[in-house]
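Here is a short report on one chain and the empty space inside it. Look at the fold as a whole, then turn to the cavities.

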Amino acid sequence: MRASPINLPRRTLPPARLYCTGISDDAVGSSKLKIFDRSLKRKQRDRAAWLMQPKPKDSLVDSVAENLLDRLEDCKRTFSTAACLGGSMEAIRRLLRGRGGIEKFIMMDASCDMVNLCKRAEKDSPNENVETSFVVGDEEFLPFKESSLDLIISNLGLHWTNDLPGAMIQCRLALKPDGLFLASIFGGETLKELRIACTVAQMEREGGISPRLSPLAQVRDAGNLLTRAGFSLPGVDVDEYVVRYSSSLELIEHLRSMGETNALLQRSQILKKETALATAAVYQSMFGAEDGTIPATFQVIFMTGWREHHSQQKAKRRGSATISFKDIQNQFGNN
């Protein structure tokens, strides 16, 4: 996986709040704590769109998108109106291939350049029988009316929101009853090799550490997020992808082309040359293979949730069980 040389983004967008249509901070329980610089993240998404132009396909992103979309094949119902939120939405559009029975597909991203990239891709290879529209908006302030969508998909995008529970609550409100929420986010084990190398190099060269990589959700938190957002029948599973690179520089270029570089508000603005070189050396010495390549782990958390509907299965009342776990254990033990 190789990326083109990096250029600075050419322009920025107005504040994301301008894209909000009637959902206030109080309505979604928005947190006042700000972790990520959303303006910087839009610039990084603009740069990623530019880097994707010569080669929009990415094997890692495509694998995650395929895994996420496979869940639609497990559903017996169809979803006529769907929205895809930020992240790797071009991979979702390209790999949809009629799954879910989608008739209207809305693609939304905070980056105007990323939206334009998807427009050009749709023009070159349109999805048959799918009416596709494009919106510039922010995952923290969704521009959708309540109960207007049958399906919401987010592929590797929501982990950059400051208020992830609030964003997921907005997703639930935008869904119709019995609507489906599908999302994938990077988990806390992502880039664990790079995190270790950065920590060791900073301790050696600077005598301390500063945040170089963004914090990510842990697997144990994903189910709580779905429950807190009010989704019924929540489901969480995890997969790990290990990608090999020729050097740490190639890894950084790949992260830039994905729009996955650091966007922390409290990030260090300067990376010393000796620290960067030390990080590359530590990475190679600790994790390098005999052929000179280095591995990078990407942990992906897949989340599934439904907006409540009377036809859905309901959990039995607490205490209504007629057989104890002890009896089951004894039965299996005897067999």
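Half the chain is interior: of its 335 residues, 50% count as buried. This is a predicted model. The chain exposes about 17,100 Å². Carbon and sulfur atoms supply 52% of that area.

The secondary structure comprises 10 helices and seven strands. Distant parts of the sequence meet often. Among contacts between residues at least 6 apart in sequence, 85% join residues at least 24 apart.

Confidence comes next. The mean pLDDT of the chain is 85, and 86% of the residues reach 70 or more. Over residues 1-31, the pLDDT is below 50. Beyond near neighbours in sequence, that stretch still has 65 contacts in the model.

Now the cavities. A search of the whole structure finds two of 30 Å³ or more. The largest has a volume of about 140 Å³. Its lining is made up of 15 residues. Those closest to the centre are Arg-38, Lys-41, Arg-45, Glu-139 and Gly-157.

Which helix gives the largest share of this lining? Helix H1, residues 38-52, does so with four residues.

By class, the lining of the largest cavity divides as follows.

| Lining class | Count |
|---|---|
| Nonpolar | three residues |
| Polar | four residues |
| Charged | eight residues |

Arg-38, Lys-41, Arg-45 and Glu-139, named among the residues closest to the centre, belong to the charged class, because Asp, Glu, Lys and Arg count as charged. Gly-157, also on that list, counts as polar.

How values were computed. Residues numbered from 1 in each chain as written. Predicted model: local features only at pLDDT ≥ 70, side-chain atom pairs only at ≥ 80, totals over all residues. Heavy atoms only, no water. 1 Å grid on protein atoms, 1.4 Å probe; cavity = no way out; pocket = protein on both sides within 12 Å on 5 of 7 lines; lining within 4 Å. Points joined across faces, edges and corners; volume = space filled by probe spheres on them. Helix = DSSP H or I, 4+ residues; strand = E, 2+ residues; numbered from the N terminus. Buried < 20%, exposed > 50% of the residue type's maximum accessible area, 1.4 Å probe, protein only. Contact = heavy atoms within 4.5 Å. Areas by Shrake-Rupley, 256 points an atom, 1.4 Å probe, with all protein chains shown as cover. pLDDT = per-residue confidence, 0-100.
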